[in-house]
Amino acid sequence: MSDNHELHTFLRQVSEEMRSEYERIYKRTREDPGTAGDEGEANWARLLKDWLPADIHVETKGRILAADGSASPQLDVVILAGDYPRKLRDKKLYLAGGVLAAFECKNTLRKPHLSKLFSTAKAISRMAPGRKGNFYGESFSPITYGLLAHSHEWTPDNTADSIDREIARLHGTAAHPRDIPAVISVSDLHTWEHSLSPLMPLAPEPDWKKDALISAGAGKWSYFIESNYMRWRPLPWSYAPGEGPQISKERPNPIGELLLCLLCHLGQRGFDRAGMADYYRKAHLSGGGSVGFQSDIGIRQRSIAT
């Protein structure tokens, strides 16, 4: 699949718009950081409105309200389900049951932002009850949460590896996979996506291992999983056609990867997004699977009570 596909052209135009907006906003950041931040959030909100399905709603600024009355930290962009009450869409306390996703937005990603992101992710995952009965519902947060940035503070020669290391460190501190941000997207660099793989059910394990997992807080019937982040990396060597993982040698568009990631999560929530998500994969927007590289950072095994 050639990246001359029109979809790639459309996304390159979006990336150029984001780059241009970042340069414009950055010039005035020191004069008025508050306005600069608001403009950056508006850019991301507009992008999501333009590219996500028309039956969902994108709002800026607000907190998520849990059924018990507790509220999340303030969020920059919130995505609401199509059945969210019209009367309440302009209220800045969003009912958790109608929130599909939420994001922090940064003009320039800095290292402390990642620490705050992981801390807030845990709070967001507690805003709505987890879904029982399937691997996705029990493993991922009921509200997809992540960070969107125009650019970053790292120097070009070690940017991605530096972010890898910080994500790996923070990933290792999480007590449960649903407490981990689903996606981190830097529009001029990469998109990092949290990925989980079920390895085997607990039942076939030897008694000593079952006892150890149960005593650690896992249920009798639990998944044994591998948790990691994925981002694109260049191939270390070339494969002949039909051999090897067939990973793209060219970096996928980070915004395209972000959109595919969000559509996949929306599809898991019972929304019919499979068609567009599958099309995006076939058009080579993905940074994982057949056109990406699964990084070896932050791999941990966990048991998830069911």
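This is a short chat between a student and a tutor about reading features in a predicted model.

Student: Before we start, what do I need to know about the model and its numbering?

Tutor: The model is predicted, so local features need pLDDT of at least 70 and side-chain atom pairs count only at pLDDT 80 or more, while totals for chains, interfaces and linings use all residues. Residues are numbered from 1 along each chain as its sequence is written, and side-chain values use heavy atoms, with hydrogens and water left out.

Student: How many helices and strands does the chain have?

Tutor: Helices (H or I, at least four residues) and strands (E, at least two) are DSSP runs, numbered from the N terminus. Here you get 8 helices and 9 strands.

Student: What share of the residues is buried?

Tutor: Buried means under 20% relative accessible area, exposed means over 50%, and partly exposed is in between, using a 1.4 Å probe and protein chains only. In this chain of 306 residues, 49% are buried.

Student: What span is expected for helix α5, and what does the model show?

Tutor: The expected span is 1.5 Å times one less than the number of residues. Helix α5 covers residues 159-171, which is 13 residues, and reaches 18 Å from first C-alpha to last, close to the 18 Å expected. Try α3 too: its 15 residues should span 21 Å, and its end C-alpha atoms are 22 Å apart, which agrees.

Student: Which residues of those two helices are buried?

Tutor: In α5 the buried ones include Ile-163, Asp-164, Glu-166 and Ile-167. In α3 they include Leu-114, Leu-117, Phe-118 and Ala-121.

Student: How many residues are in the largest nonpolar core?

Tutor: A nonpolar core is a set of buried Ala, Val, Leu, Ile, Met, Phe, Trp, Tyr and Cys residues joined through side-chain atoms within 4.5 Å. The largest one here has 34 residues, and Ile-163, Ile-184 and Trp-192 are among those with the most contacts inside it. Helix α3 gives the most to this core, with 5 residues. Apart from it lies another core, of 32 residues, among them Val-14, Leu-100, Leu-263 and Leu-266.

Student: Which residues does Trp-192 touch?

Tutor: Contact means heavy atoms within 4.5 Å. Leaving out residues up to four places away in sequence, Trp-192 touches residues including Ile-163, Asp-164, Ile-184, Tyr-229 and Arg-231. For the chain, take contacts between residues at least 6 apart in sequence: 74% of them join residues at least 24 apart.

Student: You mentioned Asp-164 and Arg-231. How do their side chains meet?

Tutor: Here's the general idea: side chains of opposite charge can pair when their charged atoms come close. A salt bridge is a side-chain nitrogen of Lys or Arg within 4 Å of a carboxyl oxygen of Asp or Glu. Arg-231 and Asp-164 meet in one, at 2.7 Å from N to O. That pair links distant parts of the chain, with Arg-231 in the loop between β8 and α7 and Asp-164 in helix α5, 67 residues apart. Arg-231 is buried at 5% relative accessibility, and Asp-164 is buried at 2%.

Student: Where do salt bridges sit within a single helix?

Tutor: An α-helix has 3.6 residues a turn, so residues three or four places apart point the same way. In α5, Arg-169 and Glu-166 form a salt bridge at 2.7 Å, and they are 3 residues apart, about one helical turn. Arg-169 is partly exposed at 45%, whereas Glu-166 is buried at 6%. In helix α1, Arg-19 and Glu-23 are 4 residues apart, with their closest N and O atoms 2.4 Å apart in a salt bridge. Arg-19 is partly exposed at 37%, and Glu-23 is partly exposed at 39%.

Student: How many salt bridges does the structure hold?

Tutor: There are 15.

Student: One last feature: which way do β5 and β6 run?

Tutor: Two strands pair if DSSP finds at least two bridges between them. β5 and β6 run parallel, joined by 4 bridges, and Gly-146 stands opposite Val-183 in β6. Val-183 and Ser-185 point one way from β6, Ile-184 and Val-186 point the other way, and all are buried.
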